[in-house]
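Here are some notes for your first look at this structure, kept as numbered points. Have the sequence and the 3D view open as you read.

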Amino acid sequence: MYFLAYCNIVPTPRNKWTAAKRYVESDIVFIIYTGVPFYQTRALATRDTWLSRVTHKYFFSSTPYPSLPITVIEGAGENYMSNMKKLYEGMKIAYQEHNQTAKFYFLSGCDTFVNVPHLLKRLDEFNHTKALVIGGHAFNYACYKKKNQTVRRILYPSGGAGFFLSAALMEMMYPKIHLFFQDDWPNENVPYSDVALNCFAASLGVQPSFVPGFWAFTPEQTIKRDGLILLLSDKQMNNIPDRALLKNLGHWLGIITIAKNKPILATDLEIKSLVIEAYHMGSQELLYVIPFVAKILESCTRSKIFQQPNPWLMGIMSVLAEMHASPDFKLNLKFEIEVLCRQLQIQLNDLPIHHILSNKEYFDKIEKQLSNNNRQSSGVTSHVYQSQQSTNSTTVSSSLYNDPAILNYHQLPTSQQSSTTATSSILPISMQQQQQQQTLPVSSSSSSSSTSSTLPPVPKYKLSDFKPSIFQSLSSMLEINPNILLFQHHPRLKTYIHSPIEQAINESLQTVQRSLKVATSAAETIVRKDFLLNPDEQQLRTSARNMVAYLSSGLVLITARPALQDQIQSYIKTHLQTVLGVPQVPSTNSTTTTTTTNNNNNNNNNNNNNNDSSSSSSTNTTTTTNGTTNDQLSSQTREMIHQAATEIAASNIELCCCLLQRITIHRAIQLIDQRLAGDIEIRQRCRLEGRQLPTATSVAEFQSDRLLEPIRLRYGPLSSHQLAIYEDFVHFIPGFKPSDNEKRDLVPVI
């Protein structure tokens, strides 16, 4: 739905509201076309929201429905093609009933949300006695005559956002509308009712007027389609309309998010990174980005959350202050920043400067939103502007810059509509990366293998696969390849593998103590905050265990896995060499020292050994031969041990890491239980005594002065929706297969 999902955040007239000067709500006839698939969803939602506050309204469809005031259009059908007949037949019915009183007719689908008081203000400058089409969010398309002859291309206001037809134009259309759709418009090939009506108006010599406020897409889609196309396009110094559009978009985005105490997610638009990137790309980018960002931040004056010293706001303002202090920064952009500071009541000179703009490493790390590899979208944008220029005969009001033509989905061939390249040019970077990952299987084998090596391995084990006595799991789950050369020569050595691996895991436990401390402290702090007014000790205990299990396992997976494989390999090599009696390879220094000592002894005893030279010579020859043979055998054995240790460590690293994570989870749960023992005891005592928690009153008073109602804690157990967040922790523990049974399996082990 275009706006219905956002009806609760669209600005509603309240204090200091200036009403429309020329028309009232009863001057408008609202024409809504719908269909059976949408009766119980979009149509009912439209009826129960904005349409419930208007006087003259119609739902046109081909099938009656008791819960909706459907005006039936016989034989229209229920497919996409049916909108054409529903619309022009419905227009005739509406005109017949209201031609004496109506001044404008508003046409839209059942997926459009209309803020009627604002809509009326858009009509103040227009006279209903003149033939007018009024709308916004322009597209362009070809017009036809005699079904298959293309006349010309026109700009037309989007039917998704809805548009007005004046009473004078309806009077001109009424006697000719049936003939136009019967003789001229190719209904079967071009089933776009908004295009058809605007081509019909153009054939009568009426061109559309475009005004701000008509948005054909949801806020996210508008930013991605309009905002990103302009932000990614090649900038022109004198392109005032584009800069004005971005300012309007920024103002609108701030009103429906920041002013309503709702954040702008970094996944949709990361403002601080956007400003930094624009600075590094040059002054032309800044001419577009700084006013856009300033208009967004203006809405902080209406917010209770996004005020100084909010970290998100102050981080952006700090970067703007650093720009303002730059010697070559343009004066008009400095003025934008100064005005913004005055509006937010922030002293520009008091803002801290962290020298982020001069930090090249910081710039390299941020996710690029204006990067040159996205410049392919500029070709799309320039194509749209050329289409606009080709329609010079179209009369557009001076406010066209508020909503210029963007990429027209209708005019593209099917192959282009579905092409990944065209789509990726206007998608956020994170979505582009996701699409690239989805296309990996069709890449060449070499590129696929190199890419897959960087992806994390798919977990093989569930948390419940490990027994309560954890190292019993190790002996039964170890994977040892029987074809390893060492075990073919020494089969008994397989029984000696368990001990060094267990020793390596125990050694690694000393290195994960910091991870254990961090996970436990974080879980304790967050759980105490979330359950501050929750008297249910069981919910507190279970949620804390779930969260600490998730955090401790994830930290161990990140910090300990690389070192664990090296430790396992080293312990296996040392242990097997000891079992086989293979000497360690002597170091160079010890060899040199021994040789020097032997040479000195030989020199001192040289005279004493002259008589035994012949026998000594034969003995040394035999010893040298045996020593050489033993060295060769030891070298071969060491090589086999190294090969076996490397292969065993690589094939069992995931198992060993899961064991290490399982032990850490066990310890983390014991530790969190100890830390929350006092909180649990208080809740048990309050429950037995039938009273509230002692902190309930003070917390409620504190929150009432500082927090908005939607984010305040409420006394009582958490809802199932809130608890689902904590339940997901134990269902998706890092390094293990997800399972719906993990919550049940985790408890007996502790």
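1. Let's begin with E524, which has a relative accessible area of 13%. That is under 20%, so E524 counts as buried. Please keep in mind that this is a predicted model, and that this applies to everything below.

2. Which residue does the side chain of E524 meet in a salt bridge? The partner is R675, with 3.0 Å from N to O. The two residues come from distant parts of the chain: E524 sits in helix α22 (residues 513–530), R675 belongs to helix α26, and their positions lie 151 residues apart in the numbering. The side chains of R675 and E524 are also listed as a polar contact of 3.0 Å.

3. Now look at the R675 end. Helix α26 covers residues 613–675, and R675 lies in it. Is R675 buried or partly exposed? Its relative accessibility is 28%, so R675 counts as partly exposed, whereas its partner E524 is buried.

4. What else does R675 touch, leaving aside neighbours within four places in sequence? The contacts are T520, S521, E524 and R528. For T520, the C-alpha atom is separated from that of R675 by 8.9 Å, although the two residues are 155 apart along the chain.

5. The pair of E524 and R675 does not stand alone: a network of salt bridges links E524, R528, R675 and D679. If you select these four residues in the viewer, you can follow the network for yourself. As general background, side chains of opposite charge can pair when their charged atoms come close. Across the whole structure, the search finds 15 salt bridges.

6. Two other salt bridges are good for comparison. One of them joins E681 to R685, whose closest N and O atoms are 3.0 Å apart. Both residues are in helix α27 (residues 677–689), and because they are four residues apart there, about one helical turn separates them. E681 is partly exposed, with a relative accessible area of 43%, and R685 is partly exposed too, at 35% relative accessibility.

7. The other is formed by K360 and D364, with 2.9 Å between the closest N and O atoms. Here the helix is α13 (residues 360–365), and K360 and D364 are again about one helical turn from each other because they are four residues apart in it. D364 has a relative accessible area of 47% and is therefore partly exposed.

8. On to the cysteines. How many disulfides does the structure hold? There is one, and it joins C143 to C199, with 2.0 Å from S to S. In general terms, a disulfide is a covalent bond between the sulfur atoms of two cysteines. This one links distant parts of the chain, with C143 in strand β6 (residues 138–145) and C199 in helix α6, 56 residues apart.

9. The link of C143 and C199 is left-handed, with -85° about the S-S bond. Both ends are tucked away from the surface by the accessibility values: C143 is buried at 5% relative accessible area, and C199 is buried at 3%.

10. Why is C656 not bonded to its closest cysteine? The closest cysteine sulfur belongs to C657 and is 8.7 Å from that of C656, which is too far for a bond. C656 itself is buried, at 0% relative accessibility. C686 is buried as well, at 3%.

11. Finally, the sheet. Seven strands make an open sheet with mixed pairing, in the order β3-β2-β1-β4-β8-β5-β9. The edges are β3 (70–72) and β9 (208–210), each of which pairs on one side only. Neighbouring strands are turned by 30° against each other on average, ignoring direction.

12. At the β3 end, strand β2 (residues 56–61) runs parallel to β3 and is joined to it by three bridges. S61 stands opposite V72 in β3. Helix α6 (residues 193–203) lies across β1 (28–33), β4 (104–109), β5 (133–135), β8 (163–166) and β9. The angle of helix α6 to β8 is about 30°. Helix α6 is also where C199 of the disulfide is found, so the disulfide and the sheet can be viewed together from this helix.

Terms used: Residues are numbered from 1 along each chain as its sequence is written. This is a predicted model: local features need pLDDT of at least 70, side-chain atom pairs count only at pLDDT 80 or more; totals for chains, interfaces and linings use all residues. Side-chain values use heavy atoms; hydrogens and water are left out. Buried means under 20% relative accessible area, exposed over 50%, partly exposed in between (1.4 Å probe, protein chains only). Contact means heavy atoms within 4.5 Å. A polar contact is a pair of N or O atoms within 3.5 Å; within protein, one must be able to donate a hydrogen and the other to accept it, and residues adjacent in sequence count only if both atoms are side-chain atoms. Two strands pair if DSSP finds at least two bridges between them. Axes are lines fitted to C-alpha atoms, for helices over the stretch in contact, and angles run from 0 to 180 degrees between N-to-C directions. A disulfide is a pair of cysteine sulfur atoms within 2.5 Å.
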